[in-house]
Amino acid sequence: MASHSIAGGKEFDDTASLLEAYTTLYRGYQSLENSAHPSNSSEYQKTLSCLIKEAELLVHGVNQHGVFGKNENLDELPVDHIRFILLPALLGSFTSKLTPTGQPKNLSQHRKETILKSQVYYKDFLKLCKQYGVESPYLEEEDDSKESKKLFEKDAFSRKSERVLRFKAKKLLDTQLQALLTQISLDHVADSTKADYYRKLLDHWILTAVEEIEFIEEEIAILDHMSTLKLQDKPSQPPKPKFQVNLFELKNSRLSVSP
């Protein structure tokens, strides 16, 4: 698998260097998606860890240069900067694919911690899209505390129907994106064409984020059920503290809006 490196860990001098780094990062994502290596192979996981570090470095650079301003909307954002909104979604995608090195004592708990981090990134992405006024039928106002309950209140047929609709929407978007990608690869491209491409790319990732958040909720329910079964098979023990997401650890890696 090709190696991808961003800025050698150095600070970004300007937004041009941020744009260059983003291009390298997204190519790394595409390379990973098309990789022939198994996702649990050392080669795949090494590349994945590098991409996560590079994405976090890029997030820091975006914040450092104040790319995102307060009370902005998508129309006010420079066209070339729209792509930076995707950074939390990319981090969500990378994080969900992480597998442990060695054998952790509690594999289910380790997996739960990993996908909860991924979920936080995906939710950050959706919130950023809402903040910038991105229009999408899949950007619903949701109460995080009721999200899991709402998911499992749906019957299997409803969930399947929604997934079929999302699948069809993504297929259409992929076709449109491929056509636009050919246009923006030309030497002289109108800003309106680039804006159309990045807006559709946002739509693609919104669909992905909504879908992945749903899958994560389902996986967490399965992991919790497995943990309950294991506890029932063990002798009685003092209760352990409930798991909480270490948001402080993630805070420095998440996109923030400059005051």
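**Cysteines, helix geometry and the α1–α3 contact**

A search of the whole structure, which is a predicted model, finds zero disulfides. Two cysteines may be described by their accessibility: Cys50 has a relative accessibility of 36% and therefore counts as partly exposed, since this value lies between the limits of 20% and 50%, whereas Cys129, with a relative accessible area of 0%, is buried because its value falls under 20%.

Two helices were examined for agreement between their expected and modelled spans. Helix α2 (residues 42-64) comprises 23 residues and, at 1.5 Å a residue, should span 33 Å, which agrees with the 33 Å that separates its end C-alpha atoms. Just after α2, Gly66 takes a positive phi of about 60°. Helix α6 (residues 156-184) comprises 29 residues, for which a span of 42 Å is expected at 1.5 Å a residue; its end C-alpha atoms are 41 Å apart, which agrees. The buried residues in α6 include Arg159, Arg166 and Lys170, together with Leu173, Leu177, Leu180 and Ile184.

Packing was considered for helix α1 (residues 15-33) and helix α3 (residues 87-96), whose axes come within 12 Å and cross at roughly 30°. The crossing of α1 and α3 is left-handed. From α1, the contact is made by Tyr22, Leu25, Tyr26, Tyr29 and Leu32, while α3 contributes Leu87, Leu90, Ser93 and Phe94. Of the residues in this contact of α1 with α3, eight are nonpolar and one is polar, and no charged residue takes part.

Definitions and conventions. Residues numbered from 1 in each chain as written. Predicted model: local features only at pLDDT ≥ 70, side-chain atom pairs only at ≥ 80, totals over all residues. Heavy atoms only, no water. Helix = DSSP H or I, 4+ residues; strand = E, 2+ residues; numbered from the N terminus. Expected span 1.5 Å × (residues − 1). Axes fitted to C-alpha atoms, helices over the stretch in contact; angles between N-to-C directions. Left-handed = near helix turned anticlockwise from the far one by under 90°. Contact = heavy atoms within 4.5 Å. Nonpolar A, V, L, I, M, F, W, Y, C, P; charged D, E, K, R; others polar. Disulfide = S-S within 2.5 Å. Buried < 20%, exposed > 50% of the residue type's maximum accessible area, 1.4 Å probe, protein only.
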